[in-house]
Number of protein chains: 2
Amino acid sequence: MAPETRPANRRGEILDHASRLFSAHGYDGTAIRLIARASGVTEAAIYRHFDGKAQLYDEVIRAKAREHDIAGDLAASRGHGSVEDILRVVANHVLSLARRDPELVRLMSNSSLENDQGRATIFREVRIPYIEFLVEEITRRMAAGEVRRIDPVITSRCFVGMVMDCALNAGMWSRFAGVEVDAQTVICNNVPIFARGLTNDGVASPSNDGV
Amino acid sequence: MAPETRPANRRGEILDHASRLFSAHGYDGTAIRLIARASGVTEAAIYRHFDGKAQLYDEVIRAKAREHDIAGDLAASRGHGSVEDILRVVANHVLSLARRDPELVRLMSNSSLENDQGRATIFREVRIPYIEFLVEEITRRMAAGEVRRIDPVITSRCFVGMVMDCALNAGMWSRFAGVEVDAQTVICNNVPIFARGLTNDGVASPSNDGV
DNA sequence: GGGCAGAGTCAACGTTCGCTCACCTCGTCA
DNA sequence: TGACGAGGTGAGCGAACGTTGACTCTGCCC
């Protein structure tokens, strides 16, 4: 077959196609042959760029996770607003990330036990930034008296877990309840509940309450 | 090979071994040969009992999910105690289920996208019972004025999602934080937060607060 | 006793898997 | 000009995969 024009970044192309296919069919369900065909090269060419399937998968996960600067995005909101505002920032970011990058969502829910390392990589790159941001904010506000005495780490992990679970299982919700639930509706319902449970006075916050 | 004694319930034995292996290695990662060897029969024998690998997997999921009568367990707590008590019942049940049946947990987090049906089965058999119980309880207590005006369905789904995420990712927690967090500690921290956010007066409940 | 159905074995089918080898074709640079 | 390395091809390796067909054994019913 005539290679009309040889692309400058074949490696990146392979990574893109591999990412799409891995997220669609899982690790075991995606054959190197398939990635090669999608990338317009032979399998041997892939082995010029990557050491093997496992390493290719790891690179896919790493690249996908590093595409987003979660910690950087969140840093802009550091120390601003009420606890409720902070929770809203985190929830909004998670859900918009899931909407913008469905492949990442599928990789997150796909990571099998064989590839425990990939699972850990996603956890570290995607989940930890949210948790650490939240821990810091909650701890600060607990010291200031805005937040009741709770365990900031457990609380942050569980809140992030709740939002992640929401993003991961959005498809299931519509399947079983019939109705599609908007992400904003979920946030408007749940963030105030959590915020109210966290704050010291039982009232959500001095911010706007009218929704 | 001499069949010393022919077991009465070969089919059940195969299901058991298949369940263990599928939960350990995933769908694609578990070969029929492996299940056969573990069950002490040949592969052909498995095809005497099941139509194929996909059907075997589906039966595994179905059997595993039906092992537990979640709705029946919860029914005993219907209408009793405060909202906080109800949340605690649900959280306790989920986490004790996860502790008693690690295979189920692994099947839940393993279900790949190829086997979307298995994923839906688990969702329906395991998650829905919790959600429906919670929706009913919250709706009742909202009518009675104990609970603020929120969306019972969204709230229930998110609470169950939070607890499920907690159960599913317990292994990751210990890996990244180093310390193992006890399930009871998580419940004692989070259930009151959620309950306080739900109730009308901002105070958790008339129940005991001393922990 | 004879036929039969269920349960199991053995051997193999065709396919797909991850991966490798020998070879080719460029652009680069001394 | 010519050596060379990066990047690509085509063929094919051995192994593992899901699945099947022909056969055997065994207990049960007529």
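Biologist: What makes the pair formed by the side chain of Arg10(A) and a phosphate oxygen of DNA strand D a polar contact?

Modeller: In this predicted model, an N or O atom in the side chain of Arg10(A) is 2.9 Å from a phosphate oxygen of DNA strand D. The cut-off for such a pair is within 3.5 Å, so the pair counts as a polar contact.

Biologist: Which part of Ile32(B), backbone or side chain, lies 3.0 Å from a phosphate oxygen of DNA strand D?

Modeller: The backbone: the atom is a backbone N or O atom of Ile32(B). For Lys53(B), an N or O atom in the side chain is 2.7 Å from a phosphate oxygen of the strand. Both values are within 3.5 Å, so these pairs are polar contacts too.

Biologist: Which residues come nearest to DNA strand D?

Modeller: There are 21 residues around the strand, and Thr42(A), Arg48(A), His49(A), Tyr47(B) and Lys53(B) come nearest. Of the atoms of DNA strand D that come within 4 Å of the protein, 44% belong to sugar and phosphate.

Biologist: Why is Lys53(B) counted as charged?

Modeller: Lys is in the charged class by definition, so Lys53(B) is charged. The surface near DNA strand D has eight charged, eight nonpolar and five polar residues.

Biologist: How do you know that chain A and chain B are related as by a two-fold rotation axis?

Modeller: A rotation of 180° with 0.0 Å of shift along its axis superposes chain A on chain B, with an RMSD of 0.1 Å. The two copies are therefore related as by a two-fold rotation axis.

Biologist: Why do you say that the copies meet through the same surface?

Modeller: Because 100% of the interface residues of chain A are also interface residues in chain B.

Technical notes
Residues numbered from 1 in each chain as written. Chains lettered and ligands numbered in written order. Predicted model: local features only at pLDDT ≥ 70, side-chain atom pairs only at ≥ 80, totals over all residues. Heavy atoms only, no water. Near = heavy atom within 4 Å. Polar contact = N/O pair within 3.5 Å; in protein donor to acceptor, adjacent residues only side chain to side chain. Least-squares fit on C-alpha atoms with pLDDT ≥ 70 in both. Contact = heavy atoms within 4.5 Å.
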